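Me: I'd like to go through this one with you, from the overall fold down to the empty spaces inside. Could you show me the sequence and the structure?

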Amino acid sequence: MPHTIVTNTCEGVADCVDACPVACIHDGPGKNTKGTDWYWIDFATCIDCGICLQVCPVEGAIVPEERPDLQNTP
């Protein structure tokens, strides 16, 4: 099951983007409710390796399950 980036918790650090082995993490348009850049995971491409969860410095920004209700997808 793919992981999910929580849109309104993400702070746009992008460590996850550089670490992802399958390039399934993309930048979202505009800013989130915190006023920061944000990223989203393409569930169809994610291989559920968990690297994004390990490298993200923002607590609670990534959850280890597919939760489309928490992640805005353009």
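Reply: Happy to. The protein has two helices and four strands, where helices (H or I, at least four residues) and strands (E, at least two) are DSSP runs numbered from the N terminus. This is a predicted model, in which local features need pLDDT of at least 70, side-chain atom pairs count only at pLDDT 80 or more, and totals for chains, interfaces and linings use all residues. Residues are numbered from 1 along each chain as its sequence is written, and side-chain values use heavy atoms, with hydrogens and water left out.

Me: Which pattern does the protein follow along the sequence?

Reply: The elements to place are two helices and four strands. Read along the sequence, they give β-α-β-β-α-β.

Me: What radius of gyration does the protein have?

Reply: The C-alpha trace spans about 30 × 20 × 20 Å along its principal axes. The globule rule, 2.2 Å times the number of residues to the power 0.38, is compared with a radius taken over C-alpha atoms. For 74 residues a compact globule would be near 11 Å, and the protein agrees, with 11 Å.

Me: Which strand gives the largest share of the largest nonpolar core?

Reply: A nonpolar core is a set of buried Ala, Val, Leu, Ile, Met, Phe, Trp, Tyr and Cys residues joined through side-chain atoms within 4.5 Å, and buried means under 20% relative accessible area (1.4 Å probe, protein chains only). The largest core has 15 residues, and I5, C16, C24, I25, Y39, I41 and C52 have the most contacts inside it. Three residues of this core, its largest share, come from strand β3 (residues 39–41).

Me: How many cavities of 30 Å³ or more does the search find?

Reply: A cavity is a set of points on a 1 Å grid over the protein atoms alone where a 1.4 Å probe fits but cannot get out, and lining residues have an atom within 4 Å of a point. Grid points are joined across faces, edges and corners, and a volume is the space filled by probe spheres set on the points. Searching the whole structure gives two.

Me: Which residues are closest to the centre of the largest cavity?

Reply: This cavity holds about 100 Å³ of space. Of the 14 residues that line the largest cavity, the closest to its centre are C10, V13, A14, C16 and C56.

Me: And which are closest to the centre of the second largest cavity?

Reply: About 80 Å³ of space lies in the second largest cavity. It is lined by 14 residues, and the closest to its centre are C20, C24, C46, C49 and C52.

Technical notes
On a 1 Å grid over the protein atoms alone, a cavity is a set of points where a 1.4 Å probe fits but cannot get out, and a pocket is an open set with protein on both sides within 12 Å along at least five of seven lines; lining residues have an atom within 4 Å of a point. Buried means under 20% relative accessible area, exposed over 50%, partly exposed in between (1.4 Å probe, protein chains only).
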